[in-house]
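Visitor: I am new to this structure and should like to be led through it step by step. May we begin by looking at it together?

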Amino acid sequence: IGWLVVGDENYGEGSSREHAALEPRHLGGKAIIVRSFARIHETNLKKQGMLPLTFADPADYDKVQPGDKVSILGLTNFAPGVPLTCKLTHTDGSTDEFSLNHSFNDNQIGWFKAGSALNKMKMSA
(Lines give C-alpha, C1' and ligand atoms only; values in the text may rest on other atoms or scores of the structure.)
Protein backbone atom coordinates (compact mmCIF):
# COMPACT_ATOMS: atom_id res chain seq x y z
CA ILE A 1 0.00 0.00 0.00
CA GLY A 2 1.27 3.53 -0.71
CA TRP A 3 0.47 5.66 2.31
CA LEU A 4 -2.55 5.97 4.54
CA VAL A 5 -4.03 8.18 7.22
CA VAL A 6 -4.84 7.03 10.75
CA GLY A 7 -7.35 9.33 12.41
CA ASP A 8 -9.64 9.70 15.38
CA GLU A 9 -13.38 10.50 15.62
CA ASN A 10 -15.57 12.15 12.95
CA TYR A 11 -12.77 12.25 10.36
CA GLY A 12 -13.60 14.61 7.51
CA GLU A 13 -16.15 16.67 9.46
CA GLY A 14 -16.50 20.04 7.77
CA SER A 15 -14.90 18.80 4.54
CA SER A 16 -17.82 17.42 2.56
CA ARG A 17 -16.55 18.85 -0.72
CA GLU A 18 -15.09 16.47 -3.26
CA HIS A 19 -11.66 18.10 -3.11
CA ALA A 20 -11.05 16.88 0.44
CA ALA A 21 -11.29 13.31 -0.88
CA LEU A 22 -9.71 13.97 -4.27
CA GLU A 23 -6.38 15.26 -2.96
CA PRO A 24 -5.36 12.15 -0.97
CA ARG A 25 -5.99 10.00 -4.05
CA HIS A 26 -3.91 12.23 -6.32
CA LEU A 27 -1.11 12.35 -3.75
CA GLY A 28 -0.89 8.54 -3.71
CA GLY A 29 -3.02 7.81 -0.66
CA LYS A 30 -4.70 4.43 -0.48
CA ALA A 31 -6.66 4.20 2.76
CA ILE A 32 -8.03 6.16 5.69
CA ILE A 33 -8.39 4.23 8.98
CA VAL A 34 -10.30 6.04 11.72
CA ARG A 35 -12.55 5.59 14.74
CA SER A 36 -15.43 7.22 12.83
CA PHE A 37 -16.16 9.23 9.67
CA ALA A 38 -18.28 12.21 8.84
CA ARG A 39 -20.93 10.56 6.64
CA ILE A 40 -20.58 12.63 3.46
CA HIS A 41 -16.80 12.56 3.54
CA GLU A 42 -16.75 8.75 3.78
CA THR A 43 -18.85 8.48 0.62
CA ASN A 44 -16.67 11.01 -1.20
CA LEU A 45 -13.56 8.98 -0.32
CA LYS A 46 -15.20 5.88 -1.83
CA LYS A 47 -16.01 7.78 -5.03
CA GLN A 48 -12.33 8.68 -5.33
CA GLY A 49 -11.21 5.05 -5.04
CA MET A 50 -9.92 5.46 -1.49
CA LEU A 51 -10.47 2.83 1.18
CA PRO A 52 -12.28 4.38 4.18
CA LEU A 53 -12.11 1.94 7.10
CA THR A 54 -13.00 2.09 10.79
CA PHE A 55 -11.45 0.30 13.73
CA ALA A 56 -13.79 -2.55 14.77
CA ASP A 57 -12.51 -1.91 18.29
CA PRO A 58 -11.81 1.83 18.69
CA ALA A 59 -9.11 0.98 21.28
CA ASP A 60 -6.99 -0.51 18.45
CA TYR A 61 -6.22 3.08 17.42
CA ASP A 62 -3.72 3.13 20.30
CA LYS A 63 -1.77 0.20 18.81
CA VAL A 64 -0.61 2.27 15.83
CA GLN A 65 2.89 3.68 16.26
CA PRO A 66 4.91 6.13 14.16
CA GLY A 67 7.02 4.20 11.65
CA ASP A 68 4.69 1.18 11.47
CA LYS A 69 4.40 -0.72 8.20
CA VAL A 70 0.69 -1.26 7.60
CA SER A 71 -0.81 -4.09 5.57
CA ILE A 72 -4.51 -4.42 4.85
CA LEU A 73 -5.42 -8.06 4.46
CA GLY A 74 -8.55 -9.49 2.82
CA LEU A 75 -8.81 -7.25 -0.24
CA THR A 76 -8.62 -10.25 -2.59
CA ASN A 77 -12.04 -11.32 -1.28
CA PHE A 78 -13.33 -7.80 -0.56
CA ALA A 79 -17.10 -8.10 -0.03
CA PRO A 80 -19.93 -6.17 1.63
CA GLY A 81 -20.22 -6.86 5.35
CA VAL A 82 -16.93 -8.77 5.57
CA PRO A 83 -14.33 -7.04 7.77
CA LEU A 84 -10.76 -6.59 6.60
CA THR A 85 -7.67 -7.16 8.76
CA CYS A 86 -4.98 -4.63 9.55
CA LYS A 87 -1.50 -5.98 10.24
CA LEU A 88 0.97 -3.58 11.82
CA THR A 89 4.67 -4.35 11.72
CA HIS A 90 6.34 -2.11 14.27
CA THR A 91 9.89 -0.80 13.90
CA ASP A 92 11.09 -3.34 16.51
CA GLY A 93 9.75 -6.21 14.36
CA SER A 94 6.77 -7.03 16.58
CA THR A 95 3.31 -7.19 15.01
CA ASP A 96 -0.30 -6.49 15.88
CA GLU A 97 -3.43 -7.51 13.95
CA PHE A 98 -6.99 -6.27 14.34
CA SER A 99 -10.25 -6.02 12.41
CA LEU A 100 -11.32 -3.09 10.28
CA ASN A 101 -14.93 -2.44 9.30
CA HIS A 102 -16.18 -0.88 6.09
CA SER A 103 -19.56 0.16 4.68
CA PHE A 104 -18.93 -0.65 1.01
CA ASN A 105 -21.69 -2.19 -1.11
CA ASP A 106 -20.99 -4.17 -4.30
CA ASN A 107 -21.16 -1.10 -6.54
CA GLN A 108 -18.76 0.85 -4.31
CA ILE A 109 -16.33 -2.08 -4.25
CA GLY A 110 -16.34 -1.78 -8.05
CA TRP A 111 -15.33 1.88 -7.67
CA PHE A 112 -12.44 0.88 -5.42
CA LYS A 113 -11.23 -1.85 -7.79
CA ALA A 114 -11.44 0.54 -10.77
CA GLY A 115 -9.61 3.32 -8.93
CA SER A 116 -12.63 5.65 -8.68
CA ALA A 117 -16.31 5.93 -9.54
CA LEU A 118 -15.44 7.83 -12.73
CA ASN A 119 -13.01 5.11 -13.80
CA LYS A 120 -15.76 2.52 -13.23
CA MET A 121 -18.22 4.52 -15.35
CA LYS A 122 -15.62 4.88 -18.10
CA MET A 123 -15.05 1.11 -18.09
CA SER A 124 -18.80 0.51 -18.37
CA ALA A 125 -19.31 2.93 -21.28
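The conversation below goes through the interior, a helix, the aromatic rings and some single residues of this predicted model.

Visitor: How many cavities of 30 Å³ or more does a search of the whole structure find?

Guide: The model is a predicted one. The largest cavity has a volume of about 30 Å³. With a limit of 30 Å³ or more, the search of the whole structure finds one cavity.

Visitor: Which strands each supply at least two residues of the lining of the largest cavity?

Guide: The lining consists of Leu4, Val6, Ile33, Val64, Val70, Cys86, Leu88 and Phe98. By class, eight of the lining residues are nonpolar, with no polar and no charged residues. The strands that each supply at least two of them are E1 (3-6) and E5 (84-89).

Visitor: Which residues have the most contacts inside the largest nonpolar core?

Guide: The largest nonpolar core has 17 residues. At least two residues of this core come from each of strands E2 (29-34), E3 (51-55), E4 (69-73), E5 and E6 (95-101), and from helix H3 (106-114). Those with the most contacts inside the core are Ile33, Leu51, Leu53, Ile72, Phe78, Cys86 and Leu100.

Visitor: Which residues does the second, separate core include?

Guide: This second core is made of six residues. One of them, Phe37, is found in the loop between E2 and H2, and its relative accessibility of 12% makes it count as buried. Among the residues of the second core are Ile32, Val34, Phe37 and Met50.

Visitor: What is the distance between the C-alpha atoms of Phe37 and Pro52?

Guide: Leaving aside neighbours within four places in sequence, Phe37 is in contact with Asn10, Tyr11, Ile32, Glu42, Leu45, Pro52, Leu53 and Thr54. Pro52 is thus one of its contacts. The two residues are 15 apart along the chain, and their C-alpha atoms are separated by 8.3 Å.

Visitor: Which residue with a positive phi follows helix H2?

Guide: Helix H2 covers residues 39-47, and within it His41, Glu42, Asn44, Leu45 and Lys46 are buried. What covers these buried residues includes helix H1 (18-26), E2, E3 and H3. After H2 comes a residue whose phi is positive, near 80 degrees, namely Gly49.

Visitor: What is the phi of Asn10, a residue other than glycine?

Guide: Asn10 has its place in the loop between E1 and H1. It is partly exposed, with a relative accessible area of 36%. Most residues other than glycine have a negative phi. The phi of Asn10 is positive, near 55 degrees.

Visitor: How many residues apart in sequence are the parts that the pair of Phe55 and Phe98 ties together?

Guide: Phe55 and Phe98 form a tilted aromatic pair, 5.6 Å centre to centre, with 35 degrees between the planes. Phe55 is buried at a relative accessible area of 4%, and Phe98 is buried at 6%. Because Phe55 lies in strand E3 and Phe98 in strand E6, the pair ties together parts whose separation in sequence is 43 residues.

Visitor: What is the angle between the planes of Phe104 and Phe112?

Guide: Phe104 and Phe112 are both buried. Their aromatic pair is edge-to-face, a term that applies to planes over 60 degrees apart. The ring centres are 6.4 Å apart, and the angle between the planes is 70 degrees.

Visitor: Which residues do ring pairs link into a cluster?

Guide: A search of the whole structure finds six aromatic pairs. Ring pairs link the following residues into a cluster: Phe55, Tyr61 and Phe98.

Visitor: Is His90 buried or exposed?

Guide: His90 lies in the loop between E5 and E6. Not counting residues up to four places away in sequence, it touches Lys63, Gln65, Asp68, Thr95 and Asp96. Its relative accessible area is 5%, and a residue under 20% counts as buried, so His90 is buried.

Visitor: Is Met123 buried or exposed?

Guide: Met123 lies in helix H4, which covers residues 117-124. Its C-alpha atom is separated by 33 Å from that of Gly7, 116 residues apart along the chain. The relative accessible area of Met123 is 61%, and over 50% counts as exposed, so Met123 is exposed.

Conventions:
Residues are numbered from 1 along each chain as its sequence is written. This is a predicted model: local features need pLDDT of at least 70, side-chain atom pairs count only at pLDDT 80 or more; totals for chains, interfaces and linings use all residues. Side-chain values use heavy atoms; hydrogens and water are left out. On a 1 Å grid over the protein atoms alone, a cavity is a set of points where a 1.4 Å probe fits but cannot get out, and a pocket is an open set with protein on both sides within 12 Å along at least five of seven lines; lining residues have an atom within 4 Å of a point. Grid points are joined across faces, edges and corners, and a volume is the space filled by probe spheres set on the points. Helices (H or I, at least four residues) and strands (E, at least two) are DSSP runs, numbered from the N terminus. Ala, Val, Leu, Ile, Met, Phe, Trp, Tyr, Cys and Pro count as nonpolar, Asp, Glu, Lys and Arg as charged, and the others, Gly among them, as polar. A nonpolar core is a set of buried Ala, Val, Leu, Ile, Met, Phe, Trp, Tyr and Cys residues joined through side-chain atoms within 4.5 Å. Buried means under 20% relative accessible area, exposed over 50%, partly exposed in between (1.4 Å probe, protein chains only). Contact means heavy atoms within 4.5 Å. Rings of Phe, Tyr and Trp (its six-membered ring) pair if their centres lie within 6.5 Å; planes under 30 degrees apart count as stacked, over 60 as edge-to-face and the rest as tilted.
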